[in-house]
Amino acid sequence: MKIIGVAACTVGIAHTYIAQEKLESAAIKAGHEIHIETQGTIGIENELTPEQIKEADLVILAVDVKINGRERFEGKRIIQVPTEIAIKSPNKLIEKATEVVNQ
């Protein structure tokens, strides 16, 4: 499965990057391909390409704030959770993502 997503916390520092790291580790461990864009105090990093968005089976938004470019994901299956969920339960979140795609 191909997963893309965005991580963004209220301050745009620690939780943004921790969520990204936890989601990437959990997805890779489960055998999925994943790309997570971060939107923080220093702007957008690891920006998702139109090709990555087109090929994605699912979008995970681990966000605590309004993000830039959400319209890019119109028509895609989206799971939106607070960054805290991505940090504390990344494996369960990836399991849920798999269930959503396989419905």
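Strands are DSSP runs of type E with at least two residues, numbered from the N terminus. Thr38 is found in one such run, strand S2. The model examined here is predicted.

The protein has four helices and five strands. Read from the N terminus, the order of elements is β-α-β-β-α-β-β-α-α. The chain therefore begins with a strand and ends with two helices.

Overall dimensions were computed next. The radius of gyration of the protein is 12 Å, which agrees with the value near 13 Å for a compact globule of 103 residues. Along the principal axes, the C-alpha atoms fill a box of roughly 35 × 30 × 20 Å. Of the 103 residues, 42% count as buried. The accessible surface comes to about 5800 Å². Carbon and sulfur atoms account for 50% of that surface. Contacts were also sorted by sequence separation. Among those between residues at least 6 apart in sequence, 61% join residues at least 24 apart. The protein carries 12 positive and 15 negative charges. The mean positions of these two sets are 5 Å apart.

Two residues of strand S2 were then examined. The strand spans residues 33-40, and Glu33 lies in it. Glu33 has a relative accessible area of 39%. Buried means under 20% and exposed means over 50%, so Glu33 is partly exposed. Beyond its neighbours within four places in sequence, Glu33 is in contact with Met1, Lys2 and Ile3. Glu33 and Glu47 are 14 residues apart along the chain. Their C-alpha atoms are separated by 16 Å.

Thr38 is also found in strand S2. Its relative accessibility is 0%, so Thr38 counts as buried. Neighbours within four places in sequence were again left aside. Thr38 is then in contact with Ala7, Thr16, Tyr17, Gln20, Gly43, Ile44, Glu45 and Asn46.

Strand pairing was considered last. Strand S4 covers residues 58-63 and pairs with S5 in the parallel sense. The pairing runs over four bridges. Within it, Ile60 stands opposite Ile79 in S5. Strand S5 itself covers residues 78-81. Ile79 and Val81 form its covered face. Ile78 and Gln80 form the uncovered one. Ile79 thus appears twice: on the covered face of S5, and opposite Ile60.

Definitions and conventions. Residues are numbered from 1 along each chain as its sequence is written. This is a predicted model: local features need pLDDT of at least 70, side-chain atom pairs count only at pLDDT 80 or more; totals for chains, interfaces and linings use all residues. Side-chain values use heavy atoms; hydrogens and water are left out. The radius of gyration is taken over C-alpha atoms; the globule rule is 2.2 Å times the number of residues to the power 0.38. Buried means under 20% relative accessible area, exposed over 50%, partly exposed in between (1.4 Å probe, protein chains only). Contact means heavy atoms within 4.5 Å. Accessible areas come from the Shrake-Rupley method with a 1.4 Å probe; for residues, only the protein chains shown count as cover. Lys and Arg count as positive and Asp and Glu as negative; His and the chain ends are not counted. The place of a charge is taken as NZ of Lys, CZ of Arg, CG of Asp or CD of Glu. Two strands pair if DSSP finds at least two bridges between them.
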